[in-house]
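This report describes a protein structure for a reader who has its sequence and its three-dimensional form at hand. Please look at both before reading on.

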Amino acid sequence: MAIRAIRRVFCSHEDSFSFRTYSDFDFNEYNKCSKCGKTLRYIKGFDEDMRG
């Protein structure tokens, strides 16, 4: 656990990936570092395209 915390502090967060989770018409988008797993950005919103 302590090693993970130290890795996050000294990580440069150069590589990242994004993914979304959906519930009905709302979504949560996460942008995470591929090396240490830290959440760099979190967006919550409403997806108009899913209504049809």
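In this predicted model, Tyr30 has a relative accessibility of 22% and therefore counts as partly exposed, since that class lies between the limits of under 20% for buried and over 50% for exposed. The ring of Tyr30 is paired with that of Tyr42: the two centres are 5.1 Å apart and the planes stand at 45°, so this pair is classed as tilted. Tyr30 belongs to strand E2, whereas Tyr42 belongs to strand E3 (residues 39–46), so the contact ties together parts that are twelve residues apart in sequence. Tyr42 is likewise partly exposed, with a relative accessibility of 44%.

**Aromatic pairs**

How many aromatic pairs does a search of the whole structure find? The search finds three aromatic pairs. One of them joins Phe19 and Tyr30, whose ring centres lie 5.3 Å apart with the planes at 25°, so the pair is stacked. Phe19 is located in strand E1 (residues 16–23) and Tyr30 in strand E2 (residues 26–33), so the pair ties together parts that are eleven residues apart in sequence. Phe19 has a relative accessibility of 32% and counts as partly exposed. Ring pairs also build a cluster, whose members are Phe17, Phe19, Tyr30 and Tyr42. In general, two values describe a pair of aromatic rings: the distance of the centres and the angle of the planes.

**Overall arrangement**

The secondary structure of the protein consists of one helix and three strands. Along the sequence, these elements follow the pattern α-β-β-β. The protein has 52 residues, of which 13% count as buried.

**Salt bridge**

Side chains of opposite charge can pair when their charged atoms come close. How many salt bridges are counted here? The count comes to one salt bridge. Its partners are the side chains of Arg20 and Glu29, with 2.8 Å from N to O. This distance satisfies the cut-off of within 4 Å that defines such a contact. Arg20 is partly exposed, at 37% relative accessibility.

**Surface patches and the helix**

The surface carries a positive patch formed by Arg4, Arg7, Arg8 and Lys38. Among these residues, Arg7 is found in helix H1 (residues 2–10). The relative accessible area of Arg7 is 48%, so this residue is partly exposed.

A nonpolar patch is also present on the surface, formed by Ile6, Val9 and Phe10, which together have about 370 Å² of accessible area. Ile6 lies in helix H1, and Phe10 is placed in helix H1 as well. Is Phe10 buried or exposed? At a relative accessibility of 70%, Phe10 counts as exposed, because the limit for that class is over 50%.

**The loop after the helix, and strand E1**

His13 is situated in the loop between H1 and E1. The phi angle of His13 is near 55°, which is a positive value in a residue other than glycine. With a relative accessibility of 22%, His13 counts as partly exposed. Tyr22, for its part, is placed in strand E1. Its relative accessible area is 44%, and Tyr22 is therefore partly exposed.

**Residues apart in sequence**

The table gives C-alpha distances for three pairs, each with its separation along the chain.

| Pair | Separation in sequence | C-alpha distance |
|---|---|---|
| Phe10 and Cys36 | 26 residues | 9.6 Å |
| His13 and Lys32 | 19 residues | 8.6 Å |
| Tyr22 and Phe46 | 24 residues | 9.5 Å |

Several residues in the table have been described above. Phe10 takes part in the nonpolar patch, and its C-alpha atom lies 9.6 Å from that of Cys36. His13, in the loop between H1 and E1, has its C-alpha atom 8.6 Å from that of Lys32. Tyr22, in strand E1, is separated from Phe46 by 9.5 Å between the C-alpha atoms.

Technical notes: Residues are numbered from 1 along each chain as its sequence is written. This is a predicted model: local features need pLDDT of at least 70, side-chain atom pairs count only at pLDDT 80 or more; totals for chains, interfaces and linings use all residues. Side-chain values use heavy atoms; hydrogens and water are left out. Patches are made of residues with over 30% relative accessible area and no salt bridge: like charges are joined within 9 Å, nonpolar side chains (Val, Leu, Ile, Met, Phe, Trp, Tyr) within 5 Å. Accessible areas come from the Shrake-Rupley method with a 1.4 Å probe; for residues, only the protein chains shown count as cover. Lys and Arg count as positive and Asp and Glu as negative; His and the chain ends are not counted. The place of a charge is taken as NZ of Lys, CZ of Arg, CG of Asp or CD of Glu. Helices (H or I, at least four residues) and strands (E, at least two) are DSSP runs, numbered from the N terminus. Buried means under 20% relative accessible area, exposed over 50%, partly exposed in between (1.4 Å probe, protein chains only). Rings of Phe, Tyr and Trp (its six-membered ring) pair if their centres lie within 6.5 Å; planes under 30 degrees apart count as stacked, over 60 as edge-to-face and the rest as tilted.
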